[in-house]
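Student: Please walk me through this model. I would like short questions and short answers.

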Amino acid sequence: MRLSVAERPITATAVLIGTYVGLAAAAMSAQGVLVERFFHDIYVPIDYAWRSALGQVPHLDYHTPIGQAFTWPFRLLALAEPASPLMIVHAGVLVGGILLLIALAGLPRRLAPPLFLLTGVGAIAIAMSPRDLDAFWYIYSHNAPYNRWGHGVLVLLAAMTLLPRRGEGGAGWVPDGLLIGLMCGLLLYLKINFLMGAIGFVLLGAALRQLDWRAIPVAVLVVAAMIGTVELLFGNNRAYLGDLALAASVNRDGLLARLWGRDLLQTVAIGSVFVAVGMGVIWLLQPVRSVAEAVRSWWKPSLLLAGTVGIATVVHTQNNFTREVPPFLVAVIVVAEVQRRRMRDAGTRRGRDPGPMRRALAWTLVGVVGGTTPLLDAMSVVDHAVATHGLDAGAIPALRGTAGETLLVSRRLMRDFPDRPGLRKAGAEALLPPNSLAQRRRRWRALTAMEVRSLAEAMRLLRPHVRPGDVVFAVDFANPYPAFLRLPPPPGALTWWHIDRSFSATVHPDLDRMVDATTFVIQKRIDTQAGPHGEVLWPVIRSAVEARHGIVAQGELWTLWRARTRTGG
């Protein structure tokens with residue numbers, strides 16, 4: 001079947017490319033990385049970027065439950081620019097470009113041009129946005145970019161597996177298998193829960209005959225080739241499995257609590273709203289005259305809708321809870337395309353045309369539900385870039401002259417929350433409870449100000465003592481100090497120390513190896529924003545530190561220990 005002129009995606013393709021170019025230009029113009037919320041989380045990608053620039057191999061040189069695909073954009077960028085916090089923004093632009101190419105290769109013959117544009121822009125903007133999910137476009141956190149990248153890939157993969165190509169026969173399953181295999185391989189080496197979601201979408205599409213089953217063996221071969229290539233280049237597949245096993249053993253109780261706890265119930269409730277909207281779109285675009293006719297006509301789009309929401313719910317239980325779940329958007333887009341095709345094929349015979357009012361309402365629902373998150377993300381990319389040029393965005397004084405000087409914070413935020421030692425000692429408990437949006441925002445702004453001052457004190461203690469080649473380990477949620485001071489990171493460390501998520505008092509990597517190689521240990525005695533992770537880690541590591549290190553400096557929040565036999569330069 002030949003596509004009509006209206007169905008040819010030439011204009012939509014041009015708009016999609018133009019949108020990416022515009023967002024990329026805005027992002028690349030940013031003068032720094034401005035953080036408004038979850039300040040401590042920015043340390044994690046900063047550490048990844050620095051380790052990647054040094055050529056360190058995940059799972060061998062350090063431990064992380066996140067796969068090494070997260071480091072590949074940083075490794076490429078390190079060939080062209082010095083390691084800095086700005087790498088986080090630039091890596092998002094690079095990933096957005098990859099998603100653009102995948103969208104152009106796999107989606108135009110599956111979706112009507114408006115839906116193709118909505119899906120493509122959604123995937124790209126999700127991957128590039130500095131906005132924290134659930135937040136307004138002007139609240140930047142750059143939190144866990146690997147989750148955003150995984151969502152972007154999963155959105156495209158879901159659309160590809162749940163919608164067959166239009167107007168095309170022959171060997172279309174070959175390019176489908178190649179693209180699906182590429183995306184599954186990327187998710188395997190990005191974050192394993194997204195791979196589980198990808199497998200779910202592939203099986204759902206094949207079961208409902210939306211995906212040619214012959215594409216599956218091709219995809220398996222592509223994934224196998226990627227596994228072999230990674231083993232040949234890095235030799236760390238077994239170590240990756242070991243880090244996943246470590247995280248699983250730490251998370252066992254916490255995972256069950258999340259699967260059967262409040263987070264799951266809230267996610268199911270949100271997913272139910274998307275199911276209801278999707279069913280409304282099905283009904284609006286395909287009116288039926290009886291229950292029996294509804295069962296015959298609606299069973300496939302209903303299963304696609306429920307299956308997509310169910311798979312996305314399972315994936316989401318492995319991430320930090322947010323009320324925005326990007327793959328939910330695909331559920332509504334997929335059923336809208338399925339019903340659009342049926343409406344087109346049925347034509348207007350026997351009164352089957354739903355009428356202009358029903359069509360308009362259906363497409364309005366799809367646009368609002370499917371376009372809100374992409375719009376917020378796209379706005380956030382532009383707004384962040386503009387904000388970094390504003391008078392209110394300032395460098396952190398403690399980081400001037402270091403590799404971290406492009407990490408920015410609001411000057412107004414620091415003025416609004418002056419340095420009050422009593423408040424810092426009490427931490428979050430002294431702040432207003434988050435019973436309203438205004439109180440929650442005030443709480444996070446105060447916590448950010450506290451963490452910036454904590455960072456300043458740590459840098460003040462470190463800078464007079466460290467020399468090139470010294471190894472610094474922070475007893476805290478994460479360790480940005482090697483990246484800021486251009487020092488070698490501690491070998492065998494975790495990229496972040498999140499109690500009951502990446503380690504526990506009894507389950508953790510070999511700490512003796514790490515402490516043996518460490519010149520300085522900077523111990524955070526009073527946790528500020530990140531929670532009690534350092535307080536739990538210190539008793540585990542204390543005996544090893546005290547046996548090899550002595551105190552050389554102390555502040556209000558931190559204690560600096562130096563090795564009695566210096567291991568660095």
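The exchange below goes from the whole chain to single residues.

Student: How confident is the predictor in the chain, as a mean pLDDT?
Tutor: This is a predicted model, so confidence comes first. In the chain, 87% of residues reach a pLDDT of 70 or more. The mean pLDDT is 85.

Student: Which stretch has a pLDDT below 50?
Tutor: Beyond near neighbours in sequence, that stretch has 13 contacts in the model. Its pLDDT is below 50 all the same. It covers residues 425-432.

Student: What share of the residues count as buried?
Tutor: The chain has 20 helices and seven strands. It exposes about 22700 Å², with carbon and sulfur atoms supplying 64% of that area. Of the 569 residues, the buried share is 59%.

Student: Among contacts between residues at least 6 apart in sequence, what share joins residues at least 24 apart?
Tutor: A contact here is a pair of residues with heavy atoms within 4.5 Å. Of the contacts that pass the cut of at least 6, those at least 24 apart make up 77%.

Student: How many of the eleven residues of helix α2 are buried?
Tutor: Helix α2 runs over residues 43-53. Its buried residues include Tyr43, Pro45, Tyr48, Trp50 and Arg51. The helix is largely enclosed by the rest of the structure, because the buried count is ten.

Student: Which residue just after α2 takes a positive phi?
Tutor: The phi angle there is about 85°. The residue is glycine 55.

Student: Are the rings of tyrosine 48 and tyrosine 62 stacked or edge-to-face?
Tutor: The whole structure holds 19 aromatic pairs. In this pair the ring centres are 6.2 Å apart and the planes stand at 75°. Planes over 60 degrees apart meet the cut-off, so the pair is edge-to-face.

Student: How far apart in sequence are the parts that this pair ties together?
Tutor: Tyrosine 48 sits in helix α2, and tyrosine 62 in the loop between α2 and α3. Tyrosine 48 is buried at 0% relative accessibility, and tyrosine 62 is buried at 1%. The separation in sequence is 14 residues.

Student: Which residues form one aromatic cluster with Tyr48 and Tyr62?
Tutor: The cluster takes in phenylalanine, tyrosine and tryptophan residues. Besides Tyr48 and Tyr62, its members are Phe70, Phe74, Tyr146, Trp149 and Trp496.

Student: What span should helix α7 have, at 1.5 Å a residue?
Tutor: The helix has 16 residues, 173-188. Its buried residues include Asp176, Leu179, Ile180, Met183 and Cys184. The end C-alpha atoms agree with the expected span, which is 22 Å.

Student: Which backbone oxygen does the side chain of threonine 161 reach?
Tutor: Threonine 161 lies in helix α6, residues 145-162. It is buried, with a relative accessible area of 0%. Beyond four places in sequence, threonine 161 touches residues including Ile180, Phe201 and Leu211. At 3.3 Å, its side chain reaches the backbone oxygen of alanine 158.

Student: Which residues does aspartate 377 touch, not counting those up to four places away in sequence?
Tutor: Aspartate 377 lies in helix α14, residues 356-388. With a relative accessible area of 0%, aspartate 377 is buried. The residues it touches are Ala125, Ile126, Ser129, Arg131 and Arg148.

Definitions and conventions:
Residues are numbered from 1 along each chain as its sequence is written. This is a predicted model: local features need pLDDT of at least 70, side-chain atom pairs count only at pLDDT 80 or more; totals for chains, interfaces and linings use all residues. Side-chain values use heavy atoms; hydrogens and water are left out. Helices (H or I, at least four residues) and strands (E, at least two) are DSSP runs, numbered from the N terminus. The expected span of a helix is 1.5 Å times one less than its number of residues. Buried means under 20% relative accessible area, exposed over 50%, partly exposed in between (1.4 Å probe, protein chains only). pLDDT is the predictor's confidence in each residue, from 0 to 100. Rings of Phe, Tyr and Trp (its six-membered ring) pair if their centres lie within 6.5 Å; planes under 30 degrees apart count as stacked, over 60 as edge-to-face and the rest as tilted. Accessible areas come from the Shrake-Rupley method with a 1.4 Å probe; for residues, only the protein chains shown count as cover. A polar contact is a pair of N or O atoms within 3.5 Å; within protein, one must be able to donate a hydrogen and the other to accept it, and residues adjacent in sequence count only if both atoms are side-chain atoms.
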